[in-house]
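Here are a few exercises to work through at your own pace. Try each task before you read its solution.

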Amino acid sequence: MNKQIFNFTFKAMGSPCSLQFYTVSHQHAEDIYTQILQRITELEQRYSRYLETSLISEINRAAGTGRKTSIDQETFALLQYADQCYRESNHLFDVTSGILRKLWHSQQTSLPTSSQLKDITALIGWKKVKWNQRDIYLPLRGMELDFGGIVKEYAADVVATLCLKSGIPSGVVELGGDVRVVGALPNGDGWTIAIRDPRNPEHLITRFKLKSGAVATSGDYERFQIINGVRYSHLLNPKTGFPVTGLQAVTVIAEQCVVAGSLSTIAMLKGHHGLAWLQTLPIAFLCCKNDGQLINQLGV
Amino acid sequence: MSKRKNTKLINRLTCAALALPGLMHEASAARVEETYDVDVQYGHYEESGQRIKVNTFESAFTIPIGNAMTSMFNFVHDAVSGASPIYNSRDAQGKVTQVMSGASIKEERNMIDANIAYFLDQSTLKAGGGYSTEHDYKSKYLNASWSQDFNKKHTTLNLSGSVAFDDIEPTNFNSDCGNKCTKTTEQVLAGVTQVLNKDALLQTNLTFSNSSGYLSDPYKRVIFYDANNVLTTIASDKRPRDRRQWAGLVRYVQHVEDANRAALHADYRFTTDNWGINSHTVDLSWHQPLGEGWEIVPRIRYYTQGKADFYEPTFTGTPTNTPNYSSDYRLAGFGVVSGGLKLTKTLSSSKPLQYLKLNAGIEYFDHKSRYELGGNDSGSFADFKYYLFTASVNLKF
């Protein structure tokens with residue numbers, strides 16, 4: 001049966017996204033795309049902190065009120081995943097640290113004061129969160145939960161599974177720079193993946209082919225701010241309250257996009273120790289140090 | 001990238017990720033592939049000492065019908081030649097010797113079968129039938145199966161049933177069969193396949209089959225001696241007219257990521273029937289990908305069976321006083337130790353051919369009565385060795 005390639009570009013979770021796959025008919029392609037878009041929208045509506053009606057906003061509004069918020073199985077699994085990341089990262093990957101953005105938003109022109117930092121860091125701490133299979137409660141007023149570092153990557157994995165379930169063996173999805181391969185090209189080749197230079201996004205550092213698995217990048221590509229001539233990353237250390245320094249960007253290849261995403265984020269959060277930590281793991285990665293030095297251990 | 005690293009951290013994260021809904025698809029891989037498959041296989045089976053040789057040619061075609069159905073056609077041609085054991089005799093000292101057919105058998109068998117499969121989201125339905133013919137044997141059969149996925153496709157229940165109607169027209173007329181007799185077999189299977197985790201799978205099946213009609217072998221003979229070891233009667237093989245057999249299978253498959261996605265397959269099978277035959281099989285194989293499309297599969301197997309209640313190498317007494325009797329070596333107590341190696345090369349290709357797969361394998365079997373579990377002192381008269389060579393080509397469009 002003759003298969004042709006279909007290419008869709010769209011915007012979701014605040015990022016440009018694309019989906020490419022091979023199938024037999026235009027109708028089948030449209031059906032799958034519609035189904036995928038619906039699922040991504042569903043995830044966004046449930047987990048976006050920007051949407052008032054999202055579950056995350058509901059949980060955050062209930063912080064410190066004594067009112068628990070009921071959760072479903074998917075949310076529980078995401079919390080468990082977040083918990084695992086917290087433990088694996090020596091508490092650097094903390095889904096309650098998003099609140100630090102209040103001190104480091106892009107209009108910020110000066111460094112936060114130490115009392116501001118103290119007030120905010122007091123509201124951070126995954127350990128403080130009360131959660132179980134049925135409900136979750138943030139015990140301090142002002143505490144915030146943010147799945148920003150997980151849901152987009154998870155969505156890429158969900159898309160890949162949906163494709164496979166729909167009989168699409170060959171395809172690739174990109175959600176805001178995070179890539180998940182559904183399956184190799186019909187001739188058995190991998191999909192070409194290009195990695196941009198964090199300091200010069202028009203320029204590519206490398207390109208390689210990937211037959212299966214996922215690639216996620218964490219770095220100060222677009223979201224950063226310059227205060228007194230210093231470039232501050234959007235990735236914030238929950239312990240110090242300061243943006244992390246040491247690495248410009250980390251790209252990781254893993255079977256699941258959500259795993260690739262959290263590994264690259266943890267490496268970034270580890271700052272100067274990030275590279276050494278990556279080297280202890282049996283994974284393929286690419287690391288851009290602050291001095292521009294490139295460590296390419298992609299092995300592809 | 002070195003593998004001797006902190007694999008545990010990655011495993012823990014991966015496990016947590018796989019607990020997320022919608023991430024575990026790989027273990028239950030998509031079933032409807034809209035591809036055309038062509039399989040052509042040649043097999044050569046040869047027993048030691050001028051005994052049976054079989055050449056088998058098999059071709060199978062899979063054709064998709066839309067994206068929810070496939071049809072499959074299978075053709076088999078076998079050519080059998082060589083001598084086979086007819087009866088056992090014993091000398092004055094009681095030593096048993098196997099007597100082979102003088103004239104070499106030459107037989108051909110042709111078989112055709114077809115089935116159609118319908119794939120639903122959580123289940124698969126199949127139905128089919130076939131016909132096989134050789135100069136003295138014809139068989140018609142029908143089968144149907146249903147498999148149902150549960151538990152996000154981690155659990156699959158399989159149920160199937162089949163019925164076969166056989167006509168036997170022996171070329172010698174001195175058997176109980178006369179010039180035509182029939183046999184019917186019904187079989188049902190129930191099984192569960194459980195994905196244990198992303199790398200392991202457990203499969204269990206229980207099969208019951210019921211055969212009735214003429215179940216003897218019209219070409220086998222049985223020798224009766226009197227108390228003084230004097231040959232009194234040469235009788236035709238006579239087995240009960242019904243056989244009920246239970247068979248069980250437990251299969252465990254473990255993928256080993258660190259060994260280049262190798263897989264261990266460990267099978268245990270047992271059978272028991274109302275003829276008194278109990279058998280056990282342990283089968284181990286290691287599927288090792290070698291890179292660049294090569295795969296090697298070493299395999300070892302042990303089979304043991306206890307003899308049928310009515311089997312003796314030779315009989316003392318008279319056929320009239322013995323309800324059933326057979327000296328067929330296949331109903332004796334024995335064991336078979338075997339080992340084999342299979343090599344596969346997959347060549348991926350561009351359209352329209354998606355891939356081409358070449359297989360070659362050899363398996364060597366040592367059949368001995370003393371290999372029977374728990375021992376067997378009936379002597380080595382029926383021992384023999386055989387090998388099976390197979391070569392196949394699989395094309396997918």
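The model is predicted. In chain A there are seven helices and 15 strands.

**Exercise 1.** Find what share of chain A counts as buried.

*Solution.* Begin with the length: chain A has 300 residues. Of these, 57% count as buried. Now turn to the surface: chain A exposes about 13,000 Å², and carbon and sulfur atoms supply 49% of that area.

**Exercise 2.** Work out how helix α1 and helix α5 of chain A are oriented to each other.

*Solution.* Two packed helices are described by the angle between their axes and the distance between the axes.

Step 1: locate the helices. In chain A, α1 covers residues 26-47 and α5 covers residues 151-165.

Step 2: read off the geometry. The two pack at an angle of about 155°, and their axes are 10 Å apart.

Step 3: apply the cut-off. Angles over 145 degrees count as roughly antiparallel, so α1(A) is roughly antiparallel to α5(A).

Step 4: add the handedness. The crossing of α1(A) and α5(A) is right-handed.

Step 5: look at the residues. Among those making the contact are A:Ile36, A:Ile40 and A:Leu43 of α1(A), and A:Val158 and A:Leu162 of α5(A). By class, the contact has 11 nonpolar, one polar and one charged residues.

**Exercise 3.** Decide whether B:Tyr364 is buried, partly exposed or exposed.

*Solution.* First, place the residue: B:Tyr364 lies in strand β20 (residues 355-368) of chain B. Its relative accessibility is 43%. Buried means under 20% and exposed over 50%, so B:Tyr364 counts as partly exposed. Leaving out residues up to four places away in sequence, B:Tyr364 touches several others, including B:Val337, B:Lys385 and B:Tyr387.

Note on methods:
Residues are numbered from 1 along each chain as its sequence is written. Chains are lettered from A and ligands numbered from 1 in the order in which they are written. This is a predicted model: local features need pLDDT of at least 70, side-chain atom pairs count only at pLDDT 80 or more; totals for chains, interfaces and linings use all residues. Side-chain values use heavy atoms; hydrogens and water are left out. Helices (H or I, at least four residues) and strands (E, at least two) are DSSP runs, numbered from the N terminus. Buried means under 20% relative accessible area, exposed over 50%, partly exposed in between (1.4 Å probe, protein chains only). Accessible areas come from the Shrake-Rupley method with a 1.4 Å probe; for residues, only the protein chains shown count as cover. Axes are lines fitted to C-alpha atoms, for helices over the stretch in contact, and angles run from 0 to 180 degrees between N-to-C directions. Angles under 35 degrees count as roughly parallel, over 145 as roughly antiparallel, 65 to 115 as roughly perpendicular and the rest as oblique. A crossing is left-handed if the near helix is turned anticlockwise from the far one by less than a right angle, and right-handed if clockwise. Contact means heavy atoms within 4.5 Å. Ala, Val, Leu, Ile, Met, Phe, Trp, Tyr, Cys and Pro count as nonpolar, Asp, Glu, Lys and Arg as charged, and the others, Gly among them, as polar.
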